[in-house]
Amino acid sequence: MQTLRFYLAHRALLLKARMASRADFFLYVFCDVVVQAMGIAFFAVVFARIPALGGWSLPQALLLYGFSELGYGLFGLSFSGMQGLFDLLRSGRFDELLLRPVDPMAQCFARGLNDCGGLVTGALLMGASWAQGAPLPSVGGALLFLPALACIACLHALLHALIAGASFFLAGASGPLLALLSALRPYARYPASIFPRAVQLAFTLGVPLLFMGYYPAALLQGRPEGWPALLLPGVLLALYALVRLVWRAGLRRYQGAGN
């Protein structure tokens, strides 16, 4: 409970600090939405030439795109501070986190606020998809909507924590790895059926991109290929255990800024 209280208090202070300059905050969100619009424009070009993409119509594909962005936007709003771990280690400021009686990993999660524009873009895309005829979720799907979003945000957070943990062992390794993850993330917006079988397996068992959008969105639409989304809580638990092992080993190895 102490960790949760710290996290909520820190997030509240961070949001208050960001909103002190509302123009900068909303400009940042606007720019993020504009960047996302480029991906939407690609969708429009594709569907102008073909009626469906991997068996998904334009409204269904927009729903998948929007749901993926909502999950990522929730991650950016809630857990995106892990990207600054290497800078904390290099500058010696990570020692400050160790002096507090709060889990250092939770403190790292609480430090950042990025990519909130995904919440706006995702909500607009999902609204547009339903307006164009995408199937509305069933009662069961509606009940799973918010938990699925939370799971996607947690999946992003844990992957970032796992990669950031590499900074304890290889200085500077987390930067290129996080850049690679960012480059791969757009593939979570597309139907898995457009990829070869080997790539689908890699995006399920290796880097779980399909759990970041495709499987949950398919489940909400009642598509049979969405059943792996039911495994997402188990995936999160396994990944959390791995992240804990990496961070525990990293903290044991860390010797402080003086060394």
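1. Let's start with His-156, which is buried, with a relative accessible area of just 2%. That is well inside the buried class, because the cut-off is under 20%. Keep in mind that we are looking at a predicted model here. His-156 sits in helix α8, which covers residues 139-164. Setting aside residues up to four places away in sequence, His-156 touches Gly-71, Tyr-72, Phe-75, Arg-185 and Met-212.

2. Arg-185 turns up again with Glu-69. The side chains of Glu-69 and Arg-185 are joined by a polar contact of 3.1 Å. Glu-69 belongs to helix α3, residues 58-78, and counts as buried because its relative accessibility is 0%. Once neighbours within four places in sequence are left out, Glu-69 is in contact with two arginines, Arg-185 and Arg-189, and also with Gln-36, Gly-118, Leu-119 and Gly-122. So Arg-185 is on the contact list of Glu-69 and on that of His-156 as well.

3. On to the overall fold. How many helices and strands does the protein chain have? There are 12 helices and zero strands, and reading along the sequence gives α-α-α-α-α-α-α-α-α-α-α-α. The radius of gyration is 19 Å, close to the 18 Å that the globule rule gives for 259 residues, so the chain is as compact as a globular protein of that length. If you like to think in boxes, the C-alpha atoms fill one of roughly 60 × 45 × 35 Å along the principal axes.

4. What about the contacts and the burial? Take the contacts in the protein chain with a separation of 6 or more: 78% of them come from residues 24 or more positions apart. As for burial, 47% of the 259 residues count as buried.

5. Now the surface and the charges. The protein chain exposes about 12,700 Å², and carbon and sulfur atoms supply 70% of that. On the charge side, there are 18 positive and 9 negative side chains, with the centres of the two sets 4 Å apart.

6. Leu-97 is another residue to click on. Is Leu-97 buried or exposed? Leu-97 counts as buried, because its relative accessibility is 0%. Its home is helix α5, residues 94-99. Not counting residues up to four places away in sequence, Leu-97 touches Leu-88, Val-102, Pro-104, Gln-107, Cys-108 and Arg-111. For a sense of distance, Leu-97 and Val-29 are 68 residues apart in sequence and 29 Å apart in space, C-alpha to C-alpha.

7. His-10 makes a good partner to that point, since Arg-111 is on its list too: leaving out residues up to four places away in sequence, His-10 touches Ala-110 and Arg-111. His-10 is found in helix α1, residues 2-19, and is partly exposed, with a relative accessible area of 26%. How far apart are the C-alpha atoms of His-10 and Ala-110? They are separated by 6.3 Å, although the two residues are 100 residues apart along the chain.

8. Last stop, a loop. Ile-50 is placed in the loop between α2 (22-49) and α3. Ile-50 is partly exposed, with a relative accessible area of 32%. Ile-50 and Tyr-190 are 140 residues apart along the chain, and their C-alpha atoms are separated by 15 Å.

Technical notes: Residues numbered from 1 in each chain as written. Predicted model: local features only at pLDDT ≥ 70, side-chain atom pairs only at ≥ 80, totals over all residues. Heavy atoms only, no water. Helix = DSSP H or I, 4+ residues; strand = E, 2+ residues; numbered from the N terminus. Buried < 20%, exposed > 50% of the residue type's maximum accessible area, 1.4 Å probe, protein only. Polar contact = N/O pair within 3.5 Å; in protein donor to acceptor, adjacent residues only side chain to side chain. Contact = heavy atoms within 4.5 Å. Rg over C-alpha atoms; globule rule 2.2 N^0.38 Å. Areas by Shrake-Rupley, 256 points an atom, 1.4 Å probe, with all protein chains shown as cover. Lys, Arg positive; Asp, Glu negative; His and termini not counted. Charge placed at Lys NZ, Arg CZ, Asp CG, Glu CD.
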